[in-house]
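Q: Could you take me through one part of this structure at close range, and then follow the trail to whatever lies around it? I'd enjoy a connected tour rather than a list.

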Amino acid sequence: MVVSEYNPVYGPFFGVMGAASAIIFSSLGAAYGTAKSGTGIAAMSVMRPELIMKCIIPVVMAGIIAIYGLVIAVLIAGNITNPSGYTLYSGFVHLGAGLSVGFSGLAAGFAIGIVGDAGVRGTAQQPRLFVGMILILIFAEVLGLYGLIVAIYLYTRASN
C-alpha cells in the first residue's frame, strides 16, 4: 500500500493516542483508587491493626483497573505499523478503544477509591459492613470491565 487519502502519514498518530490514553487514564484511576483506599487503611489500622490484610482488597481491585488499560494499550501498540499499512479508520477505532477503556478505568478508580476509603473505615467500627463494601467494590470494578469489553470489541473491528 502507498500513502493515500485512506492511509495518510498521520494515521498512526490516532492509534498511538489511543494506546496512550488507555494506559494513562486507567492508571490515573488506579492510582487514585489506591491512594484513597490506602489513606483509609492507614487511618483504620490505628484502631484495628488486625484488619489490615483483610481490608487491602480495594487496593488490589484498583490495581486491576490499570491492567485493563495495559492490555488494550499493548494490543493497539502491537497493531500500529508504518503509515503506508495503517488506515485512518484503524487509527480512529484504536483511539476510540483507548478512550473507552481509559475513561471507564478512570471512573472505576474514583469509585473504588471513595468506596474503599469509607468502607474500610466503616469496617473497623462495624465488621458486618465488610460484605456490603465488597459488593459495592465489585460493582465499581465492573465499570472498568465494561470499558475493557467495548475496547476489545472496537479493537477487533479495526482489523476488518
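A: Happy to. Let's begin with C55, which is found in the loop between α1 and α2. Bear in mind throughout that this is a predicted model. Although C55 is a loop residue, it counts as buried, because its relative accessibility is 0% and the cut-off for burial is under 20%. Its contacts, not counting residues up to four places away in sequence, are I41, M44, V120 and T123. For a sense of distance, take S26, which is 29 residues from C55 along the chain; the two C-alpha atoms are separated by 22 Å.

From this loop we can step to the charged pairs. There are three salt bridges by the rule used here. One of them joins E50 and R48, with 2.8 Å between the closest N and O atoms. E50 is exposed, at a relative accessible area of 55%, while R48 is partly exposed at 24%.

The other charged residues to visit are K36, D117 and R121, which are linked in a network of salt bridges. K36 pairs with D117, their closest N and O atoms being 3.6 Å apart. This pair links distant parts of the chain, since K36 is in helix α1 and D117 in helix α3, 81 residues apart. D117 also meets R121 in a salt bridge, at 2.7 Å from N to O. Those two are four residues apart in helix α3, so about one helical turn separates them. An α-helix has 3.6 residues a turn, so residues three or four places apart point the same way. Within the network, D117 is buried, with a relative accessible area of 10%, whereas K36 is partly exposed at 27% and R121 is partly exposed at 37%.

On the other side of the C55 loop comes helix α2, residues 57-79. At 1.5 Å a residue, its 23 residues should span 33 Å, and the end C-alpha atoms are 34 Å apart, which agrees. Its buried residues include P58, M61, I65, G69 and I76, and the buried residues of α2 pack against α1, α3 and α4. There is a nonpolar surface to look at as well: M53, I56, V60, I64, I67, V71 and L75 make a patch of about 570 Å². L75, a residue of helix α2, is partly exposed, with a relative accessible area of 32%. According to the unreviewed UniProt entry, the "transmembrane region" annotation covers residues 12-35, 56-80, 92-117 and 129-155. Of these, the span 56-80 is 92% helix, with its end C-alpha atoms 38 Å apart, and the span 129-155 is 100% helix, with its ends 40 Å apart.

Beyond α2, the loop between α2 and α3 holds P83, which counts as partly exposed at 27% relative accessibility. P83 touches N7, P8, V9 and P12, leaving out residues up to four places away in sequence. P83 and Y10 are 73 residues apart in sequence, yet their C-alpha atoms are 7.1 Å apart in space.

The last stop is H94 in helix α3, which runs over residues 88-125. H94 is buried, with a relative accessible area of 0%. Setting aside neighbours within four places in sequence, H94 is in contact with G15, G18, I76, N79, Y86, Y155 and A158. One of these contacts, I76, takes us back to α2, where I76 is among the buried residues.

Methods
Residues numbered from 1 in each chain as written. Predicted model: local features only at pLDDT ≥ 70, side-chain atom pairs only at ≥ 80, totals over all residues. Heavy atoms only, no water. Buried < 20%, exposed > 50% of the residue type's maximum accessible area, 1.4 Å probe, protein only. Contact = heavy atoms within 4.5 Å. UniProt positions renumbered as here; feature names shortened; annotations may be inferred. Expected span 1.5 Å × (residues − 1). Patch = residues over 30% accessible without salt bridge, like charges linked within 9 Å, V, L, I, M, F, W, Y side chains within 5 Å. Areas by Shrake-Rupley, 256 points an atom, 1.4 Å probe, with all protein chains shown as cover. Salt bridge = Lys/Arg side-chain N within 4 Å of Asp/Glu carboxyl O.
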